[in-house]
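Reader: I am in my first year and would like a close look at one part of this structure, namely the second largest pocket, together with the salt bridges and other contacts that can be described alongside it. Could you take me through it slowly?

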Amino acid sequence: MTDAALAKHTPMMQQYLRIKAEHPDLLLFYRMGDFYELFFDDATRAAKLLDITLTQRGASGGQPIKMAGVPYHAAEQYLARLVKLGVSVAICEQIGDPATSKGPVERKVVRIVTPGTVTDSALLEEKRDNLLLALHQRRERIGLAWLNLASGQFFVSETSADALAGELGRLQPSELLHAESATAPAGHQPASKSLPDWHFELDTARRTLCQQFATLDLSGFGCDEFTVGLEAAGALLGYARLTQGQSISHIRGIQVYSAQRYVRMDAATRRNLEITQTLRGEPAPTLLSLLDTCATNMGSRLLAHWLHHPLRDRTVLRARLDAVDQLGVPETSPPLTRGERSEGLREGLGRTTGVYADLHARLKPCVDVERITARIALRSARPRDLSGLRDTLLALPQLHAALSACDTALLADLTSALRADEHIGLLLQSALRTEPSVVLREGGVIADGFDAELDELRGIQNNCGEFLLALEARERARTGIATLKVEYNRVHGFYIEVTHAQSANVPDDYRRRQTLKNAERYITPELKAFEDKALSANERALAREKFLYDALLDQLAPCVPQLQRIAAALAELDVLATFAERSATLKLIAPRFTEEPRISIARGRHPVVESQVERFTANDTELGKARQMLLVTGPNMGGKSTYMRQVAIIALLAHIGCHVPADEVALPEIDQIFTRIGSSDDLASGRSTFMVEMTEAANILHNATDQSLVLVDEIGRGTSTFDGLALAYAIARHLLEKTRSYTLFATHYFELTRLAEAYQQLANVHLAAVEHQHRIVFLHAVNEGAASQSYGLQVAALAGVPHSVIRNAKRQLVRLEQQSAAQSPQGDLFDHQEIEPQEMEEHPLLAALRDLQPDELSPREALEKLYQLKKLIY
C-alpha cells in the first residue's frame, strides 16, 4: 500500500496495515487492551475458522472496518484450533507505554505461531512429536532437514524422489517448507509454506548453521557432503528463528540421518501394519496404542519414534533386551545372568511384579523435562513448568535408588545420565513458591524470603488490613464518631465513610472524595500517603517478580544441555520399563538374533488382534533359503492377512528391542520390510485401486533384497482373472528367482499352488476351515499344503447376502465349473517350455493403406486406388 493510500486511514489503522503488509499470508493477532483484534479479511477468515462474532465498526480510508477478536487471557485455545487447522498466526504485542505515547501505542510482532514451530504445551499434542521439515530438490537428489523445536533435535538427510513418500510417512511432519520454484509433494496433508529460492543457497546455509552452532565449519557433524540437505537445513533454521523472534540456543548441533542404520519400511508398509494409525485413520487399536503404557509423555513420544525407526544394530538391540530382561526381574530376586533373565521372564513375570513397577511409579510424577527445557531456552517457560522441573530434579535420587540393583550396561549409562547438578534443584527450590501461580502476570510466583525488596513490597500489601483497622480505631477516637469506617474499593481507592448525620463532626483535615445518598466519603493526608504507597506496591511487586523470573531463566540457560541429557534418559528408561511391563502382561518373550538366514517363529501371535478377541490361535512360521516363500491360501476371513502381518510385527518389535508375542523367535539380518496388503484407490493422485496395487508391487520388485521380509496379499485382484493370475504368477517367480527375499504370498488363485512343483524353496500352507450344517467355521490354524476350496459363497452368506442370491450363485458356479472342465480355455501357466509369442503376418490391405499418400493423388488416381484396395479384401 502506497503512502498516499495509507494517509487516508486513521493513525491506528495505518500502524496495523504497515504491520500486516509484513505478514500478508498470516493471520495477525493485533493486541488492543485485553483483546487480540483481527481486521478486514483476517477478521472474516478468523470468524469462519474459529466461529467467533464478526462485527463492523466505524470506517477507515472510506471502508467499513470488519472486526473480530479473542480475549488475551484465552488466546491459547484459539491458537490451538488454528494450528490444528494448519493456519499460522503472527502475534503483535503492545511494546510501548500508553501513558507516554502521543499517537498509537508502539506495537511489534514478537513471535509467529506456525504448526511446525509451536512449543507451548497448550498448542502441542502431548504424545506426538511436532516436526518442522524442509525439502529441496537439485537434479535427482532431494535434501531433507527436520527440526523438533520442542526438544532441540535437528537432522539432515538426502533421498531420492521414489523414496520421498516413505520418508514423509516415517516423519509425519506438522509443517513442510519448500522453495517457491517447487511444489509441495502430492497428497501431503500438513501445512506447507514456500520460501524464496535464495533461502536455499548453500553458502548462506553454511554460514547460518555455523553461526548457530558457533563453529568454523560443519565437518565435526559429518554432514559436509550432504549439500542439498544442508541447503534445506539452512532455510529451515532461518525460518525457525524468524518465527520465534529470538535465538534458539537449545539447537546445538545437527545429526546426519543414515537410512542404513534402520530397517526400512515404505509408506504402504507403515500404513498396512497399523503402527500408529489404523487403516481408517484412527489412533486405536494400533501397535502403539497397545504398547503405550508409558508413565511420561516423553516416553510415549520416544516409543512412537522407535516404532517408526527399527534399528539394525544388534549391539544396541541386545543392550535394550538385556535392560528389559532385568527390569522384569522380581524385585526380591537376586541378579540373574542374561539367559536366566530371559527364562525368568517367560516363566514367572506374570505372577510377580518386576522392577519396572517401582520405576514406573517414580516416573509417573515427572513432568515433560524435554519440552520444558526448550521453553527455558526460548524464555517462554511458565511458572508451573519450572516448579514441575524442580520437583522432578529433586526426585531423581529416588530413581537412582530404584535402579541400584540393575547392572546392565545400558541401565548403568542411563542412571549416570540422570545425575543433575545440585545447584539447579536448590535454585528452583529457593526461588519458587511450592505452588506458584499459573501465569507470571498474576504474581505469587517467587518464594517469600528469596528477595528482600519483593518481601518489603508484599509486606505493604499484606499489612494493609492491619493499617486500616488501626487507622479506623484512631479516627473514631479522635472524632468521636462510632460509626466511622475506613474502607477500599477499586474505583475510588481508600476512603473514610461518615453518615450525613455525623458529617458536621468531621475534622478540618478531611477532604471530601465522594457523596452518597446517606453518607459522605473522605480522604486524609495520612490515608492518601498510604494509598499511594499501597497501590504502587502491587505494581512494583509484579514488576519485581517479572525481573526476578527473567533472571532465573537467565541462570537456567547454561543448564539446558544438562537438562536435555536428563530428559533423554528419563524417556528411554520409561520406554524400557514399559517394554518390561508389556512383556509381563502380554506374555512376550525375548527374541534371538542369529547369523543363520532363517526366520523361525514358534506359536507367534498378532498382539493387537489378540487383545481384541477372546481367543487367538497361535501359529508357527519357518522361512529360510530352503523355504524361501510361503504361498498362503484359504478362505476370506480365515486369517491370512493377520498371519502375515504378525510375522512383520514380530520382526518390527524385535528390531526396537522389545519382547515379542511368541513362544520362541529366531531372526536373521533383516534390512527392509515390505507389504502389499489390502486395496484402496488414490483419487487425489488420479490412481485406481489396481494402479496403486501395481505401484506398490513395483516398489517391492525394484528394492527388495535377499535380506528383506516381503508380504504380498492377493495381488492381481483389480483386473481381469487371466491378467491378475498372470501377474501374480510372474511376481511370485521374480521373488523366487531374482529377489530371493523371505516372502509370505497370499492368494486366491489356486493355480499358483502348482509353483511348488517347480520350486523346492516354495511351500504351500493354508488357513484351515470346515463346513458344518452348510455354514463355515474358521479354525485360523496354519497347516501345510494348499487349501481345497475358497469358501467364497459361505463367506458371502456370513456377510448377510440374501439366500436367493446365494442359491443362484451356487447354480452358476456349477455351470461355470462344468464349462471350464469341458472347454479348458485357460492355458497352462506352469508349462515351463518358454513359448515365444508368434508375430501375426500383416494383411496386405494394411500395408497398402500405410504406403498411400492421399495428398499426392489426382481424383482419377484416387478412384483407381480405391478399386485396387477393394480387391485386397478378398
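Author: A salt bridge, as the term is used here, is a side-chain nitrogen of Lys or Arg lying within 4 Å of a carboxyl oxygen of Asp or Glu. Please keep in mind throughout that this is a predicted model.

With that definition in hand, we can begin with the pair Glu-231 and Arg-138, which form a salt bridge whose closest N and O atoms are 3.0 Å apart. Glu-231 belongs to helix 7 while Arg-138 belongs to strand 7, residues 132-138, so this pair ties together parts that are 93 residues apart in sequence. The two partners can also be described by their accessibility: Glu-231 has a relative accessibility of 5% and therefore counts as buried, the cut-off being under 20%, whereas Arg-138, with a relative accessible area of 36%, is partly exposed.

Now we can turn to the pocket itself. The second largest pocket holds about 1,600 Å³ of space, and 41 residues line it, with Tyr-72, Glu-93, Arg-111, Arg-379 and Arg-382 lying nearest its centre. Several elements give two or more residues to this lining, namely strand 1 (27-32), helix 4 (75-84), strand 5 (89-94), strand 6 (107-113), helix 7 (227-244) and helix 21 (525-556). Strand 6 provides the largest share of the lining, with six residues. If we sort the lining residues by chemical character, we find 21 nonpolar, nine polar and eleven charged.

Helix 21, one of the elements just named for the lining, leads us to another salt bridge. Asp-451 pairs with Arg-544, and the closest N and O atoms of the two are 2.8 Å apart. Here too the pair links distant parts of the chain, for Asp-451 sits in the loop between helix 18 (422-431) and helix 19 (452-462), while Arg-544 sits in helix 21, 93 residues apart. In this pair Asp-451 counts as buried at 11% relative accessibility, and Arg-544 counts as buried at 18%.

The loop between helix 18 and helix 19 also contains Val-439, a residue that is buried, with a relative accessible area of 14%. The C-alpha atom of Val-439 is separated by 9.9 Å from that of His-73, although the two residues are 366 residues apart along the chain.

It helps to set these pairs beside the others. The structure holds 47 salt bridges, and one of them joins Glu-581 to Arg-582, with the closest N and O atoms 2.8 Å apart. Glu-581 counts as buried at 14% relative accessibility, and Arg-582 is buried as well, with a relative accessible area of 10%. Salt bridges can also be joined into a network, as they are for Asp-129, Arg-301, Asp-368 and Glu-370.

Finally, for a view of the surface, we can look at Val-770, Val-777 and Leu-779, which form a nonpolar patch there with about 210 Å² of accessible area together. Leu-779 is found in strand 27, residues 775-784, and is partly exposed, with a relative accessible area of 39%.

Terms used:
Residues numbered from 1 in each chain as written. Predicted model: local features only at pLDDT ≥ 70, side-chain atom pairs only at ≥ 80, totals over all residues. Heavy atoms only, no water. Patch = residues over 30% accessible without salt bridge, like charges linked within 9 Å, V, L, I, M, F, W, Y side chains within 5 Å. Areas by Shrake-Rupley, 256 points an atom, 1.4 Å probe, with all protein chains shown as cover. Helix = DSSP H or I, 4+ residues; strand = E, 2+ residues; numbered from the N terminus. Buried < 20%, exposed > 50% of the residue type's maximum accessible area, 1.4 Å probe, protein only. 1 Å grid on protein atoms, 1.4 Å probe; cavity = no way out; pocket = protein on both sides within 12 Å on 5 of 7 lines; lining within 4 Å. Points joined across faces, edges and corners; volume = space filled by probe spheres on them. Nonpolar A, V, L, I, M, F, W, Y, C, P; charged D, E, K, R; others polar.
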